[in-house]
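I opened my notebook to look at two places in this model: the surroundings of the ligand and the empty space inside the protein. Here is what I looked up, in the order I went.

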Amino acid sequence: MRLTVRDLDVSIGERVLCRSLNLGLQNGESLAILGRNGAGKSTLLTTLAGLRPIQRGSIDIDEVPLAEIQPKLLAQLRGYCPQQQQDAFSATVLEIALVGRHPHLGRWAWESMRDVELACDALDQVGMRSMANRDVHTLSGGERQRLALAALLVQAPTLYLLDEPLAHLDLNHAIAVLDIFSRHVASGQQALVAVLHDPNLARRYFQRTLLLFDDGSWIEGNSAEVLTQDNLTRLYAHPLHCLQDGAQQWFVPQTDSQVAGDIQQSGVK
Ligand code: ADP
Ligand code: MG
């Protein structure tokens, strides 16, 4: 099992964001995490990445407890892409992409031509090869996001952990990014966990889905079984319609006057 989570509690202060979580992800599998703002998705993802201590329960990568994996090996095993990218210093797009090779280099080694090729190939995949010499500070939000994903492709970990990878992307690039990562995962050597806000994309691209509720409860399983009208209406505390066309299903938020009335009554303008 690439990722095994047993009885995991994730808390901040007194609040339990996620209670007794159990899940297992094999190579070739992908998991979408859905939940409202503030539900604890990012905190869970950083915990899975080994960037927060575990309060209760366990997380194993390849059957080894996260805490026992040396930092360099951990960087080869799992790649984490945070919600926001921060650049304190000027650097070129190529230099940022090359950072993904660092877990694979010796302590004093410089990047080789092979590393540069890998970085250029990843930039190509996200449509940024022509920007290789641009300063990272000149990129738009969506371009910066795609660069972060390119650096992760260069890192080529066995487990991808992506926090809202589509947040700044237009539709065309969002689909391109999902296609790229799905292709990598489908090759059978890697697994993917990604936080999303779109149940339709979760159903289309991810075999499994985890719904994280505001009270720390959760539902995890096959996307087609977990992504139901009832579960999503409860998750987002907003009624959703399910549109069916043969085997295809789409969820759309309900916007009738009754819902508008409910929202006004609850004080939201
Ligand atoms: P999500 O990614 O689902 O939107 P987060 O995991 O970022 O949610 O945050 C979960 C909750 O924990 C939120 O209410 C957030 O305000 C709170 N939180 C996150 N980090 C901290 C922190 N360092 N100190 C206090 N509260 C925090
Ligand atoms: Mg978040």
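Entry one, the cavity lining. I am working from a predicted model. I began with the character of the lining of the largest cavity, and its residues divide into eight nonpolar, no polar and no charged. I then listed them by name: Leu-162, Pro-165, Val-177, Leu-178, Phe-181, Leu-192, Ala-194 and Phe-206 line the largest cavity. Two elements, α6 (171-186) and β8 (191-195), each give two or more residues to this lining. I noted that α6 has the largest share, with three residues.

Entry two, the cavity itself. How many cavities of 30 Å³ or more does the structure hold? I found one. For the largest cavity I wrote down about 40 Å³ of space.

Entry three, the ligand shell. I turned to ligand 1 and found around it Ile-12, Arg-15, Leu-17, Arg-36, Asn-37, Gly-38, Ala-39, Gly-40, Lys-41, Ser-42 and Thr-43. By class, I noted three nonpolar, five polar and three charged residues in this shell.

Entry four, polar contacts. I looked up three distances to oxygen atoms of ligand 1:
- Thr-43 places a polar side-chain atom 2.5 Å from a ligand oxygen.
- Gly-40 has a backbone N or O atom 2.9 Å from a ligand oxygen.
- Ala-39 has a polar backbone atom 3.2 Å from a ligand oxygen.

Entry five, burial and elements. Ligand 1 taken alone exposes 570 Å², and the protein buries 51% of that. I see β2 (15-25) and α1 (41-48) as the elements that give two or more residues to the shell. Of the shell, α1 supplies the largest share, three residues.

How values were computed: Residues numbered from 1 in each chain as written. Chains lettered and ligands numbered in written order. Predicted model: local features only at pLDDT ≥ 70, side-chain atom pairs only at ≥ 80, totals over all residues. Heavy atoms only, no water. Near = heavy atom within 4 Å. Polar contact = N/O pair within 3.5 Å; in protein donor to acceptor, adjacent residues only side chain to side chain. Areas by Shrake-Rupley, 256 points an atom, 1.4 Å probe, with all protein chains shown as cover. Helix = DSSP H or I, 4+ residues; strand = E, 2+ residues; numbered from the N terminus. Nonpolar A, V, L, I, M, F, W, Y, C, P; charged D, E, K, R; others polar. 1 Å grid on protein atoms, 1.4 Å probe; cavity = no way out; pocket = protein on both sides within 12 Å on 5 of 7 lines; lining within 4 Å. Points joined across faces, edges and corners; volume = space filled by probe spheres on them.
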